[in-house]
Amino acid sequence: MLRIRQEQMDIFQQQAEINFVHYVAKKLHNNHAEAVKDVPENKLYKRIEYGIRRAREYGLTWKNNLSTFVTLMFLIAPDFDRFPAFKKFLTDESVPPNERMGVLLRETTEVDWQNAQQTSSPNNWPEDIM
C-alpha cells in the first residue's frame with residue numbers, strides 16, 4: 001500500500017499554492033493587463049498571496065472566489081473589502097462563505113464600486129508585502 005507522509009502532503013500543498021498564485025497572475029496579465037502593468041513580477045506574486053490570505057479570512061475557499069477577490073483588489077482597491085457595502089456581504093453568516101462573492105457581485109451597485117475606487121488608492125497595499 002502506498003503511503004504519503006505528512007511532509008510529502010505539505011510539499012504538494014505548497015506547490016499547489018505556488019501554482020495557483022501563478023495562475024492568478026497569468027489571469028490578471030491576460031484579462032486586466034492595465035491593472036498590473038507597472039507591478040514587478042515578484043511584487044505581483046506577493047500581492048496575490050496577500051489577497052488570497054485576505055479572501056480566506058472571509059471563509060472563501062473556491063479558486064474562482066479567491067481569484068475574483070484578488071482581481072477586485074487590483075481593479076477597485078486593495079482594501080475594497082473593508083468598505084461597508086462589500087464587508088456586509090463578505091461577513092453575512094446567513095450565506096455560506098463560498099456563495100458570498102456571488103451575492104456581493106449581484107447586490108452591490110455601480111455607485112458602491114465607484115465610491116470604493118474614489119475613496120481608496122490602488123497603491124494602498126500594506127508595506128510589509130512590498
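In the predicted model, phenylalanine 69 is buried, with a relative accessible area of 0%. This ring forms a tilted aromatic pair with phenylalanine 80, at 5.0 Å centre to centre and with 55° between the planes. The pair joins distant parts of the chain, since phenylalanine 69 belongs to helix H4 whereas phenylalanine 80 lies in the loop between H4 and H5, 11 residues apart. Burial is shared by the two partners, phenylalanine 69 and phenylalanine 80.

The count of aromatic pairs in the model comes to eight. One of them is formed by tyrosine 58 and phenylalanine 69, whose rings are tilted at 45° between the planes and stand 5.9 Å apart, centre to centre. This pair likewise links distant parts of the chain, with tyrosine 58 in the loop between H3 and H4 and phenylalanine 69 in helix H4, 11 residues apart. Tyrosine 58 has a relative accessible area of 9% and is therefore classed as buried, the cut-off being under 20%. Through ring pairs, Tyr58, Phe69, Phe80, Phe86 and Trp113 are linked into a cluster.

Helix H4, which carries phenylalanine 69, spans residues 63-75 and contains 13 residues; the distance from its first C-alpha to its last is 18 Å, close to the 18 Å expected at 1.5 Å a residue. The helix is mostly covered, with 10 of its 13 residues buried. These buried positions are Asn65, Leu66, Ser67, Thr68, Phe69, Val70, Thr71, Leu72, Met73 and Phe74. Valine 70, also found in helix H4, has a relative accessible area of 0% and is therefore counted as buried. When neighbours within four places in sequence are left aside, valine 70 is in contact with Val24, Ile48, Gly51 and Ile52. The C-alpha atom of valine 70 is separated by 8.7 Å from that of arginine 54, a residue 16 places away along the chain.

Helix H3 comprises 17 residues and reaches 25 Å from its first C-alpha to its last, close to the 24 Å expected at 1.5 Å a residue. Its buried residues include Leu44, Tyr45, Arg47, Ile48, Tyr50, Gly51, Ile52, Arg54 and Ala55, so that Ile48, Gly51 and Ile52, which are contacts of valine 70, are among the residues of H3 classed as buried at under 20% relative accessible area. Just after H3, glycine 59 adopts a positive phi of about 90°.

In soluble globular proteins, nonpolar side chains tend to be buried together. The largest nonpolar core of the model has 35 residues, and those with the most contacts inside it are Leu44, Ile48, Phe69, Phe74 and Phe80. At least two residues of this core are supplied by each of helix H1 (6-31), helix H3 (41-57), H4, helix H5 (84-90), helix H6 (100-107) and helix H7 (110-119). Leucine 44, with neighbours within four places in sequence left aside, is in contact with Ala25, Leu28, His29, Val36, Val39 and Phe74.

Phe74 also appears in the description of the largest pocket, which has a volume of about 180 Å³. This pocket is lined by 14 residues, of which Glu34, Ala35, Phe74, Pro122 and Asn123 are the closest to its centre. Helix H2 (33-36) and H4 each contribute at least two residues to the lining.

Methods: Residues are numbered from 1 along each chain as its sequence is written. This is a predicted model: local features need pLDDT of at least 70, side-chain atom pairs count only at pLDDT 80 or more; totals for chains, interfaces and linings use all residues. Side-chain values use heavy atoms; hydrogens and water are left out. Helices (H or I, at least four residues) and strands (E, at least two) are DSSP runs, numbered from the N terminus. The expected span of a helix is 1.5 Å times one less than its number of residues. Buried means under 20% relative accessible area, exposed over 50%, partly exposed in between (1.4 Å probe, protein chains only). A nonpolar core is a set of buried Ala, Val, Leu, Ile, Met, Phe, Trp, Tyr and Cys residues joined through side-chain atoms within 4.5 Å. Contact means heavy atoms within 4.5 Å. Rings of Phe, Tyr and Trp (its six-membered ring) pair if their centres lie within 6.5 Å; planes under 30 degrees apart count as stacked, over 60 as edge-to-face and the rest as tilted. On a 1 Å grid over the protein atoms alone, a cavity is a set of points where a 1.4 Å probe fits but cannot get out, and a pocket is an open set with protein on both sides within 12 Å along at least five of seven lines; lining residues have an atom within 4 Å of a point. Grid points are joined across faces, edges and corners, and a volume is the space filled by probe spheres set on the points.
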